[in-house]
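Trainee: I would like a close look at a single part of this protein. Please take one element and go through its surroundings.

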Amino acid sequence: MAISARIPSGLDTNKFIPEIFSKNVLKAVKNKLVVVPVVNHTYESELVKGDTLYIPRSNTVTATEVTIGTEGVIKNPLNTTALTLTIDQYFEAPVVVDYMSRRQSQVDLVSVAEEESAYAISKKIDSTLCDLFGSLDSGGGTDGSAITDDVLIAAVEYLDEADAPEESRSWILDPSCKADIMKIDKFVRSDYFAADVIPTGGFRKDVYGAPILITNNLTVNSTGNKGAYLHRDALAIAVSENLGVDRVEQPLKHQLTINTTALWGVVELRGTFGYYILTRLA
């Protein structure tokens with residue numbers, strides 16, 4: 001459904017938005033994002049107006065041997081087909097706190113409402129990126145089965161062969177993967193790495209040089225989920241005009257409405273810079 005079809009006619013958009021309140025909610029959103037910080041979002045500054053961003057791509061240029069007396073074949077460094085990043089995700093997370101509960105509760109219900117609204121939006125933003133894991137060019141693991149060291153090594157090898165830089169790589173996995181990795185001696189036993197100190201019962205925070213990020217927000221495959229081993233340039237996201245927060249006092253209804261909204265788009269930049277990983281449990 002087009003975004004325009006979701007907007008009611010005659011909607012009053014003149015709402016009071018306290019600056020401090022907005023900052024608190026937006027900070028909460030950012031703190032809860034898992035995938036967004038590790039993918040490419042440098043294109044956001046270019047999205048001033050409009051709903052589409054065209055991202056130019058380069059061609060891989062190869063060197064050829066010089067032939068004396070013959071002009072070399074000219075190479076085109078630019079791909080004629082640009083990627084399209086469409087801003088088509090528009091979501092809100094309204095929550096309500098009634099005045100009676102707000103006055104009688106020992107808990108700061110407004111703060112709780114802020115957190116819940118922020119969490120709902122951050123979860124949705126992350127999930128649209130996780131949905132792209134399945135479209136990556138290659139992957140490994142077996143749905144419903146524990147991940148193994150061989151799967152992890154295959155992921156590293158795949159990105160190495162794709163010339164993905166070693167920096168800015170991340171593992172995006174679920175709790176079942178964390179449990180599986182804890183059963184692999186080299187990642188939990190300190191005697192494998194004399195220079196590293198792993199506390200008793202501890203868990204290594206990185207695998208083969210990349211940090212491990214654990215989330216319950218991966219896209220379900222069948223029995224398990226689809227995680228990924230990513231370089232930041234595998235996927236991109238652009239959030240339009242950041243996030244919006246409305247705080248609407250409704251005295252005639254004896255309630256306060258808090259609503260966080262976000263408008264964004266995601267796209268796969270380089271399918272070879274990511275490797276999806278099938279997990280054991282959803």
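Trainee: In which sense do strand 5 and strand 9 pair, and over how many bridges?

Mentor: The model is a predicted one. Strand 5, residues 169-173, pairs with strand 9 in the antiparallel sense, over four bridges. Within that pairing, Arg 169 has His 231 of strand 9 as its bridge partner.

Strand 9 also pairs with strand 12, residues 274-278; this pairing is antiparallel too and has five bridges. Here Lys 226 is matched with Leu 278 of strand 12 as its bridge partner. Lys 226 also stands opposite Thr 219. That contact belongs to strand 8, residues 219-220, which runs antiparallel to strand 9 and is joined to strand 9 by two bridges. The connection from strand 8 to strand 9 is a hairpin through four residues.

Next, burial. Strand 9 covers residues 225-231, and seven of the seven are buried, so the strand is largely enclosed by the rest of the structure. Asn 225, Gly 227, Tyr 229 and His 231 point one way, while Lys 226, Ala 228 and Leu 230 point the other way; residues on both sides are buried.

For context, the protein has six helices and 12 strands. Of its 282 residues, 39% are buried. Among contacts with a separation of 6 or more, 81% are between residues 24 or more positions apart. The exposed area is about 16,300 Å², with 52% of it supplied by carbon and sulfur atoms.

Terms used
Residues are numbered from 1 along each chain as its sequence is written. This is a predicted model: local features need pLDDT of at least 70, side-chain atom pairs count only at pLDDT 80 or more; totals for chains, interfaces and linings use all residues. Side-chain values use heavy atoms; hydrogens and water are left out. Buried means under 20% relative accessible area, exposed over 50%, partly exposed in between (1.4 Å probe, protein chains only). Two strands pair if DSSP finds at least two bridges between them. Contact means heavy atoms within 4.5 Å. Accessible areas come from the Shrake-Rupley method with a 1.4 Å probe; for residues, only the protein chains shown count as cover.
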